[in-house]
Amino acid sequence: MRDVAGRLAGAIDTVVAGKHQVAEIAVASVLSGGHLLIEDVPGVGKTLLAQVIARAIGGTFRRIQGTSDLLPGDVTGSLVPGDDQHRYEMRFRPGPVFANVVLFDELNRATPRTQSALLELAEERTVTVDGQSHPLPSPFLLIATQNPIDIGGTYRLGEGSLDRFAAVVSPGRADPQAELEVLTGRRGRPMLAAVDAVVSIAEMRSARQAVALVDVSDAVASYVIALLEATRQHPQIRLGASTRAGVALIALARAIAASRGRTYVVAEDVAVVAVAALAHRVAGTGDVNAGRALVAECLSTVAPPTV
Amino acid sequence: MTGPPGDRTATPTATTPKTATASTGPPSVGRARPYALAPGTPFFVLTWSVGVGVARLTGAAAVVLVLATCAAGLLVALVEGWRAARCPHIAAVTVPALVTAGDAATVSLDVRVGARRRPPRTCRLVITDARSRDSRPSDAGDRPVIGECAIDVGSTDGTYTIPATVTFRNPGVVDTIGVDVETGGASGLVWWRRRTTVAVEGIRVAPVPAAPVVPFERSTTSDVGDGSSRHGTSSGDVDGVRPWRDGEGVVGVHWPSTLRAGSLIVHDRNPASDTSWVVPSDHADVGRVRYTLDEGLRAGHRVSIRSGGSEGRATVERVADPDDAARRCAELADERNRSTVPIGRAARTRSVLTREFHPFARHGEAATTSNPERTVGFTPGARRMTAVTSGLALAMLVTALDSGPTMILLIAIGLAAGVIVTVHFVDEAGRQPLVVRVGVGVVAVGALAFIGMGSSGITGLLAALRGPLPDLLMLLVVLHGFEVATRRTMRVHQAIALIVAVYAAGLRIDDQLGWWLALWGVSFVAAITLTASGPTPTRTGGPGGRVRARSVVGWTLVGAACALAILITLPIPDGPASLGLPALSTGTDVASPGALAGPDGRSAASTPSDGTRGSLGQVGGYPGFSESLDTSVRGDLGDEVVMRVRSPEPAFWRGQTFTDFDGRTWAVSPETGRPNPGPTINVAPTLGDEANPTLERDELIQTYFVEADLPNVLFAAHRATTVIFDGTVWTRPDGALRSDVTLTEGSVYTIVSERVRATPELLRSQGDVADVFAAYDDAASQAVLAPYLELAPTTSQRTIALADELNRPGQSTYDTIRAYEAWLATNTTYDLDAPVPADGVDAVDDFLFVSTRGFCEQIASALTVMLRSQGVPARLATGYLPGVRDRVSGVWEVRASDAHAWVEVWFPETGWEAFDPTADVPLAGEIEAGTVGGDLMAAAISGVLSHPVEVGAVVATGLLCLSALRLAEELRRRRRRGRWGLLQDRFDTIGDARDVPRSSTNPQRRDLLRTAIIELNPGCNIDDDIEHDMAMIVDALDRAAFDPTWAEDEPGVRADYDRVAAALTRVERQLQRSGRRARELTSS
């Protein structure tokens, strides 16, 4: 289990320079079975991060580029007339979401219709077209990217939509050392081709099972509750984190614990993922950056449990 | 943003967005002012003034002590409350940018208390809408309070972020928030308020949307409309689409196709965004304007607001969204406010105590509006402590009245029953069960009726005063215990306890009073503070009980110092003990009036002159109190307390004087004087009492509490002018007083004395007294003076020669007396067992030249004889020395061994003046008046100096107890925390010393520690071993905390424990080393 996580994180580190913490959270989100939103300004390696995760995981991979004319059917697949033998039958042609890893680039450029169709199927893991359900392959992992600065021609994700993502990470600008490695070609996109599928689908499945078996003590759960309560009491947060946010936070913390080779969650695991798991679930204004600061503030007011 | 306008509560967040804004400028902090008294507080002042009356009536130093301590306590409580009000500092306020009037919003207050302090328990923050643009008066009396909260949330370092729910009532723009810190301090009696005014970026308080819509202009830019901009017209009939409903812009019905299809065909060919509404802003009801704007926005129209009254200057601005609409309406309301209320009216009025001062009204009411405490309930602990206070006060009274343990038991049961009833059986409204109320009333009325019927006539009244009346007082106090239902009545009960305690302190003259008062004082203070604190809010974090204990000790010391400072300026009170119990004459009538009688009432025979000594209680027990005094016999003086004298200053308590001396025995003049019936007797001046009226004289009031059966001799200091005694008193020619009954134990009498302030200079200035008296050469004067100049026939020549020798020519009599006293002090010794002179030998001669040993009678006799030989009138006086003063009750404790004899010399200007040749006291009246505090200080200092071992032992025991308590606490903590918990605590301590925030998890703590080590050793890399150690510590601690499979008693875990403990020690050492090295580096 630790091995799986280590390999995934290693693969990310070989390509994306100096973003180990983001890589860890991304891996945790992958292992917890949640979907990942990478949000940042252009040019900091959002898509690269998504791509490397996709490549590192074996299994099928599709990529969708979000545009304003993208229709839900383009994503989910649609009914098309049959082939020559069955000319008068409508046949379901699966869309690009039928893959183990789906990378949706520029999510906020897609129309709200498409966004909600995508996120709904990501949650349900089923595509229903014309009354017929088509299950998505398992495991199914959605990695989306979006640029929060670009306002023109974008459709901001609603609170409900954001809630579907287990974690929102923001790689941020690289430090000079990492930038040097990117500019000299030692890291970055040129290295992407060198990444192989380091984790097989079977390994992913067993890793996810192992994550689900990680123990959560009452002390840690109380810590999470205290955190949620802190976000609810914070005067600048309109609506505090929900219970579902707490569930997602615990799931991520489990994955972190497992990826660090433990069979139990410690307070540190919660603290590491709290910002990524809660930032997009508290602010209510859709501004995840503001949410990050607020959650960090809440985190600093709650004393973690100890022995 | 599309909720229906009437359903605002369903989506509160949709209409009150919280774009929070923080305070814009530094808060301006006002001064702390007192603004209200806690209910019941005036009763303390009332009882305190009653106590002043008691002090004046009894002249008891203990009452002054209690009153001064109470006054000091009140002062300290005031200062403490003032300090407490200054302690929480409002650092910043975060407020919402936009709210709707009447809606709950959250304001976040950053409160700094200080790292080593705790906010007082009674502290709360009241948030007011102190809008400065709005010129509504914002004085303290009519504050627009919008919310309040307590500082009771968890904290780590004395900084609190407190969310408070506020409700703005009036629409407008609020750019100033007032935060009042209100606290009563620990005592909770006087409430202080300190206002912090914080300027904020204007909070838009929008009016509540109110239906219906205001008339507005409506226009359509759509090509399908008819372009008419009249309100209510349809969008257009050109294509057959009409609005579904009047004012409905979204959906229209296409009638032609509807007709064709037979079902309703709806078209939205006239997009709502093409319709624009222009809403005028000048409608009277801003709420309706907002409603209209919201309606338009909800329907999706382009909505604008036209401001400015006249058409020419009107500006039309687009309203973006409902928030924008709310904001604009708030500003609109703000403009209205400014235009309607003149600015000049915003005069600030001072906050005054009287504004919310309802001391006596609203009894039993839950008057929370004017009550600074907001609540009227109390904790069982406070109730119990109050009962203890009144119980102690009653016990003090009971023991003063000698009522016995049965009474104490009854009182204890009554008080306990009162506690049980008031704690458990009081309903929500603060009322006791009907049975209790009726029962209390019946018992109280019955007791009053019993007293009323029993105490007829003066005897009955006296008996009532001695028995039932104090009992009634106790009964009423106990009954009042059943009435304690609110904090106010509890304070009244405490005030009653104060009165009872003061009364008892005035009555009691025993030496245990100090301990009783100390015990009572502690319980009184505890009761007051417990009453104030109310139910304790649960607090997490913050500095613990040690901080509070330290502040309690600190304030107690300040209070003690303050009380001492007050007491040092207060003189020992003088006053008649008229509040003392009336002295009932239970003594035996004396057979021959005016004659001396022993306690058995029989007349005294003369003292046996055979050298045997009588015992106390016999007439001859002490020869000074019989008709004659044999200088060769001295009574057997026991050590029992004879009487207690309440007097502000010490003096000789004189019983008798002797004039006639035959060389061995002094005899009292046989004349018995005149009888004077009591209870108030004016004593006429007798021979030698009439001093020069121009001399300054003062009054000395003494009350004698007789503690043993005594003869019928009344004692008095200096010259008695008034005697208050329940009986007939015979005033003898020499000024001695005798009663017609013997004085039994428990008799009380009061003497008012007059004394001339004699100074050595004054006495010296009168020159040689003998010369003055020699000038009175007429027969009458000689006859008067003769008895005081008469020498016994046996007086030896060498005595006279000695007197002559020491009386140098031209020397004043005062100096002669001093010379005689000096000679006696050098050439004779004081000896209680001086040999009895042989029969027929002159006692004075024998004492002066043969034995040279003697006791007071012999020394005083020698001085008298020597003075008489020089022509100076002198006589022998007997009585008691002042005795020892009890520092608390202020009474002089006179023992049998204090019996004494001294000399009185007649000075022409000042009258009889006492001289004591035995002691070093040169002049009896020369002692300066003391103060209550000075006496206490002197007693304390001398107590400490004279008992260093005992004081040391007490201090050591106290320290031992403290350390034992702390040890027990530590052991409890250890047991609670467990081994691994203690390791965690050690790890936390390392971090705390290096300012690692408490909100860090163990790995974060480790990382910060690593940073700290690197900072301490710049340029050095961290040791691999330490790195490994820290990793192990963190892993093990987290495992112990969170791993469910982890079991402490596994052998592997135990080995882990040792390893982790060792690693922790290494890390601690490493940090110490690094710190030392860093210090060395910086110092070099």
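## Exercises on a predicted two-chain model

Strand β10 (residues 190-206) of chain B has 14 buried residues out of 17, so the rest of the structure largely encloses this strand. The model you are looking at is predicted. Let's work through it together.

### Exercise 1: The neighbours of β10(B)

Task: Find which strands pair with β10(B), and in which sense each one runs.

Solution:

1. Start with strand β9 (residues 172-183) of chain B: 11 bridges join β9(B) to β10(B), and the two run antiparallel. As a landmark, look for B:Thr183, whose bridge partner in β10(B) is B:Trp192.
2. Look at the turn linking these two strands. The hairpin of β9(B) and β10(B) has 6 residues between the strands, and B:Gly185 there takes a positive phi near 70°.
3. Move on to strand β2 (residues 28-37) of chain B, which is antiparallel to β10(B) and joined to it by 7 bridges. Here B:Val29 stands opposite B:Thr196.
4. Finish with strand β4 (residues 98-100) of chain B, which pairs with β10(B) in the parallel sense over 3 bridges. B:Val99 has B:Val205 as its bridge partner.

### Exercise 2: An open sheet

Task: In the sheet β23-β28-β29-β26 of chain B, work out which strands stand at the edges.

Solution:

1. Read the order: 4 strands form this open sheet, with antiparallel pairing.
2. Look for strands with a single partner. These are β23 (674-676) and β26 (713-714) of chain B, so each has one side left without a neighbour in the sheet.
3. Check a pair: β28 (residues 729-731) and β29 (residues 737-739) of chain B are antiparallel and share 3 bridges. One of the matches is B:Trp730 with B:Arg738 in β29(B).

### Exercise 3: Two helices

Task: Decide whether the buried residues of α18(B) line one face or are spread around the helix.

Solution:

1. List the buried residues of α18(B): B:Thr799, B:Leu802 and B:Ala803.
2. Look down the helix axis. These residues fall within an arc of 100°, so they line one face of the helix.
3. Turn to the face pointing away from the buried side, where B:Gln797, B:Arg798, B:Ala801 and B:Glu805 are exposed.
4. Ask what lies over the buried residues of α18(B): the cover includes α20 (843-851) and α21 of chain B.

Task: Compare the expected span of helix α19 (residues 813-827) of chain B with the distance between its end C-alpha atoms.

Solution:

1. At 1.5 Å a residue, the 15 residues of α19(B) should span 21 Å.
2. The end C-alpha atoms of α19(B) are 21 Å apart, which agrees.
3. Now see what surrounds this helix. Its buried residues, among them B:Tyr814, B:Ile817 and B:Leu824, belong to a set that packs against elements of chain B including α15 (760-764), α16 (769-775) and β36 (899-907).

### Exercise 4: Where the chains touch

Task: Describe the side of chain B that touches chain A.

Solution:

1. Count the residues: 26 of chain B are in contact with 24 of chain A.
2. Find the elements that give two or more residues to this side of chain B: β5 (104-112), α23 (948-993), α24 (1002-1016) and α25 (1024-1042). The largest share, 5 residues, comes from α25(B).
3. Sort this side of chain B by character: 12 residues are nonpolar, 10 polar and 4 charged.

Technical notes
Residues numbered from 1 in each chain as written. Chains lettered and ligands numbered in written order. Predicted model: local features only at pLDDT ≥ 70, side-chain atom pairs only at ≥ 80, totals over all residues. Contact = placed C-beta atoms within 7 Å. Nonpolar A, V, L, I, M, F, W, Y, C, P; charged D, E, K, R; others polar. Expected span 1.5 Å × (residues − 1). Buried ≥ 20, exposed ≤ 12 C-beta atoms within 10 Å, placed from the backbone. Arc of directions from axis to C-beta. Pairing = 2+ DSSP bridges.
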